[in-house]
Structure formats: structure tokens, C-alpha cells
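I opened this model to look up a few things: salt bridges, one strand and its neighbours, pockets and cavities. My notes follow in that order.

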Amino acid sequence: MKSLRKMICLVDGEHYLPVTKSALDMLDNIEHNEIVAVVFIGGTEKLRDASEEGISEKLERPVHFGDDHHKIPYNVIGEMIKKYDADVVMDLSDEPIVDYSKRFKMATIALENGISYEGPDFKFDPLSEHDILKKPSLKILGTGKRIGKTAVSAYAARLIHEKEYNPCIVAMGRGGPENPEIVRGDQIKITPQYLMEQSDKGVHAASDHWEDALMSRVLTIGCRRCGGGMAGDVFITNMKKGAQLANEVDADFIIMEGSGAAIPPIKTNRHIVLVGANQPIYNIEMFFGPYRIKLADLVILTMCEEPMASPKKVKRIMEFIKEINPEAEVIPTFFRPKPLDDITNKNVLFATTAPDSVKKVLVKHLEDNYGCKVVGTTPHLSNRPLLQKDIVKYIDDADIMLTELKAAAVDVATKDALKSGLDVVYCDNIPIVSDEIDGGTQFLDDAIIRVVEKSISDHQNK
């Protein structure tokens, strides 16, 4: 039996009311729909009676207005969803009252209230969330790709482990395994040779859960996913099985790690959201950037340095985040590489996914802090042909291949380096708090632990 859909309809005054009423009647005549309220979102030029009472009488349904008939009453839409316990928002408006950006704002309101937003040729559904975790948990998600989710996940896991909360990470990636895979980063020594053995078996040994295990030294569970919707849902994933496995393993706290802009479809107690300051500003302020940001208990703003982002842009993003999610802490950061082994007095070939524009900064950091000489760099870990060209160009001058564990780090960078007799050292990326925040790293650590403790409290009290 189909369940009844309680529907809020959005209408405007650009349409003649008899036409709007016909559309409402048609929707109401569909057996599983019930229009519980109508929200007027603007336009009065064609209305002889623009009062709430007058339009309600003509449409024969309760109509709700905002304070200004010419503006979209976003707050009223949210209020009516709650008041009527609606299941769907149906948008019967059109240009010039709404444009694409306004519709995304209305979609965000519907989705953050857990209901669908629909129109004549579109439908956005709320995120799938399996409520299956039996342990306190948090979700780490992002507004895009290559903004540091895995680095932050590993950093957070190390910190949580140091506080003796005994975490594990469940990560999904586009190269993840067919069945959820446990990597005991807390027990095994993950060497370049070991990763090559895995790669030779057909394992994607640079998948996110391998990087998490290597960098954090905690138990990780690898999952896969395909596709990423505009609001963050995935087409397929085995993360539900991964979450069920996390319930069974020797861990007391669970970190669910997103992939790109895709969000783990598992309900967690709290959320950490990463926003890349290097992203186009419209991807942060518009579309479903605000939807992701509103999920956050803590926002870690990454890539907060020139040339990736100017101080003016970072300030604008921070102000925007605080405006739409005033309850969330916002911390601006940038990343710096940290070799996992000693590279003192070595000639280093450095392979990274960081853009070429920050190469000089990263090289200086490595040479100043780790006593090495960087003889070559390549930003092409995600582009195998260009990566191989760079390796050929620099490999004769190097003693060590220093590489992030991403993309082609194993099947190209590690393989070619070992074949040429070079040692391979992997490097972490550490979030460094911008000078704008007093307390620096300790401030970030404290903020992460606050989210963890709130997650534990939520779990205990549910």
C-alpha cells in the first residue's frame, strides 16, 4: 500500500490563480498526495487581491506568506515543513520569481528537513542514512575532491587514539574492494614492499583505507562506491556492510569517511565538514555547498594559503559559513608534508597531488624541516603518463622517492622507484592551523576532541 505524501506546494503570483488552482487540484487528485499547505513565494503584479486570506479563498487551501510578498520566504518554507510534518515540497513556481540559485536554496531547506524537493522535471531526495551503528561515531565529509579528507581523517584518528578512545575508520573510495576489507594498521607494518605485494594481487593498495591505515596506525575498513549525486548520495556502495563490520571489530569509536563530495550513507552522531578554500566560491556559497556546510559541528577550512586562496577569499568563506551555520566551529588550515621515515641528507624526488603552484612552499618546508635536498617534484600522482615522465626525468638524481599514498603512488611511483634501486618513503599531510587562530594546532586538536566527546554523549543518551 502506498503511503500518503503530505505535500507543501510553492506557488507564485506570476501564474494566474485559476491556472495555479488547476495544478493544485490535479496534484491533490493523485491518490497518494495530500496538499497540506501552499507557500506563496513572490510576485503580485497579476493578483487583484494579494492578501493571504484572498488567495487562500481562491486556491481553497491554506496559503502562507512571508513578510515581503516580493521575496522568497525561505524561513516560512522551513516552518511549514515542520508545522505540517510534510513529506515533500512541490515547486510550482517559475522564472522570473525563482532562478537556479534560489531553487537550490529551497532544495537545501527541504533536504535538511529530511524531505524531497520536486518540480516538473527534477527531484532531489534527502540523503540515504542507514541507522545501524552501535558505537559512537562521527562522519567526515567534504564539499569536493582533493581538499584533504583522508589526511584529516588520519589526523583525527591518531588524535582520538592518543586520547584512548580506540577508533577505527570506515572509508569508501572509487577504487575500493568488492567486499569490505579490514586493514590492521594497528598491527601490521605497511612497507613499500608489502604494498607492492598487495598491488600485484590486484588490490588497489593506494585506496583511502590503506592510506588511513598507514598514516593513522589504526584499524581501517575499506569500502567502494560508484557515482555521487549533487547532494552527496551515492549510486552504489558496500558501506552498509562496512559499517556492520565496524560494529563487530575491536574498536570503540567509528569514523565514517566520505569520498570526494559523496557522503557516507550511514547515520552518525556528529559531522566534521571539510571545505576547500581553493574551490570556486560559487561551489561553496551556492548549489549544495550550503547543504553540506549546515551538517557540520566542526568546519575545517583547508588550502588557506596563496596562491590557492587569498586572505580576502578565506575571510569571505569563513563569514559565509558562520552566517549559515553559526553553531559550528570554523578553523582555517593548510597542509604540510611529513615523511614517515628519516630522509636526512638524502636527495629526494617528491611525488604529490598538491598543485604545482605550491611546489616551492612544500619543497622549502621539506628541506628546512627534514634536512633533505629535493632534486625533483611531480604533482602528477593522479596522472600516470605524466607521473612516469617526471620519474624518468628526475630518478637518476634521487636517493629516495618521497610520495603521498594516493592514486598511482604504488603501481607507478613505488614500483618504478624500487625497480631503479631507490628507497621509498611515504609522507603524511598534516593540517596546520592558520595564524588567524590563536592556539594553532592545539586549537584544532581540542575542536576535534569536542566533536568526539559530543558524539559519545549523544550515543549514550539516545
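**Entry 1: terms and model**

I need one cut-off before I start. I call a residue buried under 20% relative accessible area, exposed over 50%, and partly exposed in between. The model is predicted.

**Entry 2: salt bridges**

How many salt bridges does the structure hold? I find 22.

I began with K294 and E112. Their side chains meet in a salt bridge, at 3.6 Å from N to O. K294 sits in helix α10 (residues 289-294) and E112 in helix α4 (residues 100-112), so this pair ties together parts that are 182 residues apart in sequence. Is E112 buried or exposed? Neither label fits: with a relative accessible area of 39%, E112 is partly exposed, because that value falls between the 20% and 50% limits. K294, at 33%, is partly exposed too.

Next I looked up R158 and D428. Their side chains form a salt bridge at 2.8 Å, N to O. This pair also links distant parts of the chain, with R158 in helix α5 (residues 149-162) and D428 in strand β19 (residues 423-433), 270 residues apart. Both R158 and D428 are buried.

Then I took a pair within one helix. K21 and D25 form a salt bridge, and their closest N and O atoms are 2.9 Å apart. Both residues lie in helix α1 (residues 17-29), four residues apart, which is about one turn of the helix. K21 has a relative accessible area of 19% and is buried. D25 has 23% and counts as partly exposed. The two residues fall into separate classes because the buried class ends at 20%.

I also asked which residues join K21 and D25 in a network. Salt bridges with shared partners connect K21, D25, D28, E60 and R61 into one network.

A reminder to myself: side chains of opposite charge can pair when their charged atoms come close.

**Entry 3: strand β4**

I turned to strand β4 (residues 88-91). V88 and M90 point one way from the strand, and V89 and D91 point the other way. Which of these residues are buried? All are, D91 included.

I checked the partners of β4 on each count. Strand β1 (residues 5-11) runs parallel to β4, joined by four bridges. Within this pairing, M7 has V88 as its bridge partner. Strand β5 (residues 116-119) also pairs with β4 in the parallel sense, over three bridges. Here the bridge partner of V88 is S116. V88 therefore has a bridge partner in β1 and one in β5.

What handedness does the unit of β4, α4 and β5 have? These elements make a right-handed β-α-β unit. The helix α4 of this unit is also the one that holds E112 from Entry 2.

**Entry 4: pockets**

The largest pocket has a volume of about 670 Å³. I count 39 residues in its lining, and R146, I147, G148, T353 and K406 lie nearest its centre. Elements that give two or more residues to this lining are α5, β8 (167-173), α7 (208-216) and β15 (329-339). β15 gives the largest share, four residues. By class, the lining has 16 nonpolar, 13 polar and ten charged residues.

The second largest pocket holds about 370 Å³ of space. Its lining has 22 residues, of which E129, K139, K267, T268 and H271 lie nearest the centre. α4, β7 (137-142) and β13 (270-276) each give two or more residues to it. The lining divides into eight nonpolar, five polar and nine charged residues.

**Entry 5: cavities**

My search of the whole structure finds two cavities of 30 Å³ or more. The largest has a volume of about 60 Å³. Its lining includes F350, T352, D356, K359 and T377. α12 (359-370) and β17 (373-378) are the elements that give two or more residues to this lining. Which of them gives the most? α12 does, with three residues. By class I have six nonpolar, three polar and two charged residues.

The second largest cavity holds about 30 Å³. Among the residues that line it are F40, G42, D68, H69 and K71. Four of its lining residues are nonpolar, three polar and two charged.

Definitions and conventions: Residues numbered from 1 in each chain as written. Predicted model: local features only at pLDDT ≥ 70, side-chain atom pairs only at ≥ 80, totals over all residues. Heavy atoms only, no water. 1 Å grid on protein atoms, 1.4 Å probe; cavity = no way out; pocket = protein on both sides within 12 Å on 5 of 7 lines; lining within 4 Å. Points joined across faces, edges and corners; volume = space filled by probe spheres on them. Nonpolar A, V, L, I, M, F, W, Y, C, P; charged D, E, K, R; others polar. Salt bridge = Lys/Arg side-chain N within 4 Å of Asp/Glu carboxyl O. Buried < 20%, exposed > 50% of the residue type's maximum accessible area, 1.4 Å probe, protein only. Pairing = 2+ DSSP bridges. Right-handed = clockwise from strand over helix to strand, strands pointing away.
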